[in-house]
Amino acid sequence: MLFLHLFYTFFKIGLFGFGGGYAMLSMIQGEVVTRYGWLTPQEFTDIVAISQMTPGPIGINSATYVGYSTIAEQYGTSMGVLGSCVATFAVVLPSFILMLTISKFFLKYQKHPAVEAVFSGLRPAVVGLLASAALVLMNTENFSSPQEDMYSFIISIIIFLAAFIGTRKYKVNPILMIIVCGIAGLILY
């Protein structure tokens, strides 16, 4: 039963997860942490970190790790692999079906006013989902808090601002920025 529930949850996320993997993160967190309690906020944060470090889209990687963690916790490691396959397949399936369907009609109707209106409506929604994903990751697990550990909180804010300014203003390569911030975290914590 948990496998069907996992499939349904990630199929729904895949179906409505416009804007890519980062936009899906808030939806994934809302379902697996807040709604069903399959993972703790700390476990979800760890999964997001691992998903960012591994090759591939972050939304699919997150689904894979969540599927594994959720099923392995109750049924063991070998069933966890099946759980990761179910979640990954479920999150990819809606996009696959939609792309097959849409590709037949999109080139023919891409300049139609109704199609342009739909895409104009989706743009702000995607921006909102991306902003929501950024806010989801700005939690005490990632930044600590001034009440718990002022030093860790300040260091987290400094690393965040350095990464933001470095990639935005100075166009530092994101891979280099990840490496530099990881080393800074090792040294400063």
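1. Ser-51 is a suitable starting point; the residue belongs to helix H3, which covers residues 41-53. In this predicted model, Ser-51 counts as buried because its relative accessibility is 1%. Setting aside residues up to four places away in sequence, Ser-51 touches Ile-58, Asn-61, Ser-62 and Tyr-65.

2. Confidence may be considered next. The chain has a mean pLDDT of 89, and 100% of its residues reach 70 or more. Helix H1, residues 2-16, has the highest confidence in the chain, with a mean of 94. The lowest value belongs to helix H7, residues 140-143, where the mean is 80. As a general caution, predicted coordinates should not be read in detail where pLDDT is low.

3. The secondary structure consists of 9 helices and 0 strands. Read from the N terminus, the order of elements is α-α-α-α-α-α-α-α-α. Along its principal axes, the C-alpha trace spans about 55 × 45 × 30 Å.

4. On packing and surface, 32% of the 189 residues count as buried. Among contacts with a separation of 6 or more, 55% are between residues 24 or more positions apart. The accessible surface of the chain is about 11,600 Å², and carbon and sulfur atoms account for 72% of that area.

5. The charges deserve a separate remark. The chain carries 9 positive and 8 negative charges, and the mean positions of these two sets are 24 Å apart.

6. An unreviewed UniProt entry places the feature "transmembrane region" at residues 6-25, 81-106, 118-138, 150-166 and 172-188. Two of these spans can be set against the model. Residues 150-166 are 100% helix and 0% strand, with end C-alpha atoms 24 Å apart. Residues 172-188 are 88% helix and 0% strand, and the C-alpha atoms at the ends of this span lie 21 Å apart.

7. Is Glu-31 buried or exposed? Glu-31 counts as buried, because its relative accessibility is 13% and the cut-off for that class is under 20%. The residue sits in helix H2, residues 21-35. Beyond residues up to four places away in sequence, Glu-31 touches Thr-9, Lys-12, Ile-13 and Tyr-36. Of these partners, Thr-9 is 22 residues from Glu-31 in sequence, and the two C-alpha atoms are 7.3 Å apart.

8. Ala-63 lies in helix H4, which runs over residues 58-75. With a relative accessibility of 0%, Ala-63 counts as buried. Which residues are in contact with Ala-63, once neighbours within four places in sequence are left aside? They are Phe-10, Ala-87, Thr-88 and Val-91. By way of a further distance, Phe-106 is 43 residues from Ala-63 along the chain, and their C-alpha atoms are separated by 28 Å.

9. Two residues other than glycine with positive phi should be examined. Ser-144 has phi near 60° and is not a glycine. Ser-144 is placed in the loop between H7 and H8, and counts as buried at 15% relative accessibility. Lys-171 also has a positive phi, of about 55°, without being a glycine. The loop between H8 and H9 holds Lys-171. This residue counts as exposed because its relative accessibility is 62%, and the exposed class begins over 50%.

10. Asn-173 is located in the loop between helix H8 (150-168) and helix H9 (174-188). How does its accessibility class follow, and what is the value? Asn-173 has a relative accessible area of 43% and is therefore partly exposed, since that class lies between under 20% for buried and over 50% for exposed. Asn-173 and Ser-144 are 29 residues apart along the chain, and 27 Å separates their C-alpha atoms.

Key. Residues numbered from 1 in each chain as written. Predicted model: local features only at pLDDT ≥ 70, side-chain atom pairs only at ≥ 80, totals over all residues. Heavy atoms only, no water. pLDDT = per-residue confidence, 0-100. Helix = DSSP H or I, 4+ residues; strand = E, 2+ residues; numbered from the N terminus. Buried < 20%, exposed > 50% of the residue type's maximum accessible area, 1.4 Å probe, protein only. Contact = heavy atoms within 4.5 Å. Areas by Shrake-Rupley, 256 points an atom, 1.4 Å probe, with all protein chains shown as cover. Lys, Arg positive; Asp, Glu negative; His and termini not counted. Charge placed at Lys NZ, Arg CZ, Asp CG, Glu CD. UniProt positions renumbered as here; feature names shortened; annotations may be inferred.
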